[in-house]
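Here is a short note for a colleague opening this structure for the first time. Please read the points with the model in view.

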Amino acid sequence: MAINRNALLYQLFKLYHREAVRFATRLVGNRDSGEEVVQDAYLKLVARRSTTPIDHPKNYLYTATRHAAIDFTDRQNREWQRRVDLDSLDEAHLADDGAVRMEMQRELAKLAVYLNALPPPCRQAFVMNKLQGYTHLEIAAHLGISTSMVEKHIVRALLHCRSLLLADGDL
């Protein structure tokens with residue numbers, strides 16, 4: 001059954017490859033990324049162990065391509081968020097104005113002190129989410145806890161930092 005399914009998927013992608021790439025290109029913005037999205041869609045479909053018959057093959061392909069484009073865009077956005085965070089840290093180091101650099105370093109040090117008062121899993125969940133751009137699901141998988149616990153850790157860290165900022169008169 002799996003061999004027939006894979007052969008069908010291969011024929012489907014072979015037949016509609018150009019159309020799928022054009023569709024993906026419209027969704028993600030450029031042809032190279034569109035090609036990557038279509039390839040990801042194909043690999044995900046082949047990896048699935050579904051025995052459900054495919055009633056509308058072209059619609060099936062377009063749905064898989066759209067889902068792969070969404071995953072691609074999410075992954076790309078997370079990468080850009082991480083790059084922005086690193087760039088802003090570089091700006092603090094390279095700032096021409098010594099006062100600006102000192103203020104940014106002071107704020108980073110204050111945040112580090114606030115976060116160090118938290119339990120390690122709470123601190124790690126907060127840093128992974130707010131500074132590194134990981135989703136709650138990714139953090140849960142990395143830490144081996146539920147997404148609900150990740151949310152609780154992040155809320156706890158935010159409330160902790162907020163209360164310390166209020167106590168310092170910074171809010």
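**Notes on the packing**

1. Start at Val 37. Setting aside residues up to four places away in sequence, Val 37 touches Ala 24, Val 28, Thr 65, Ala 68, Ala 69 and Phe 72. Keep in mind that this is a predicted model.

2. Which residues have the most contacts inside the largest nonpolar core? They are Phe 13, Val 37 and Val 38, in a core of 17 residues. Three elements give two or more residues to this core: α1 (2-28), α2 (31-47) and α3. The largest share comes from α1, with 7 residues.

3. A second core is separate and has 7 residues. Tyr 114, Leu 115, Cys 122 and Cys 161 are among them.

4. Look next at Thr 65, in helix α3. Is Thr 65 buried or exposed? Thr 65 counts as buried because its relative accessibility is 1%, and the cut-off for buried is under 20%. Not counting residues up to four places away in sequence, Thr 65 touches Ala 20, Phe 23, Ala 24, Val 37, Val 38 and Ala 41. Val 37 and Val 38 appear again here; both were named for their contacts inside the largest nonpolar core.

5. Now the cysteines. How many disulfides does a search of the whole structure find? The search finds 0. Cys 122 is in no disulfide, and its nearest cysteine sulfur, that of Cys 161, is 8.8 Å away. Cys 161 is likewise in no disulfide; for Cys 161 the nearest cysteine sulfur is that of Cys 122, at 8.8 Å. A disulfide needs the two sulfur atoms within 2.5 Å, so this pair does not qualify.

6. Both cysteines are worth checking for burial. Cys 122 has 0% relative accessibility, so Cys 122 counts as buried. Cys 161, at 8% relative accessibility, also counts as buried. The second core includes both Cys 122 and Cys 161.

7. Asp 168 offers a contrast. Its place is in helix α7 (residues 147-168). Asp 168 is partly exposed, because its relative accessible area is 46%. Leaving aside neighbours within four places in sequence, Asp 168 is in contact with Lys 110 and Tyr 114. Tyr 114 is one of the residues of the second core.

8. Last, confidence. The mean pLDDT of the chain is 81. A pLDDT of 70 or more is reached by 86% of the residues. Among the elements of the chain, helix α6 (residues 136-143) has the highest mean pLDDT, 90. Helix α3 (residues 57-94) has the lowest, 73. Thr 65 lies in that helix, α3.

Definitions and conventions: Residues are numbered from 1 along each chain as its sequence is written. This is a predicted model: local features need pLDDT of at least 70, side-chain atom pairs count only at pLDDT 80 or more; totals for chains, interfaces and linings use all residues. Side-chain values use heavy atoms; hydrogens and water are left out. pLDDT is the predictor's confidence in each residue, from 0 to 100. Helices (H or I, at least four residues) and strands (E, at least two) are DSSP runs, numbered from the N terminus. Buried means under 20% relative accessible area, exposed over 50%, partly exposed in between (1.4 Å probe, protein chains only). A nonpolar core is a set of buried Ala, Val, Leu, Ile, Met, Phe, Trp, Tyr and Cys residues joined through side-chain atoms within 4.5 Å. Contact means heavy atoms within 4.5 Å.
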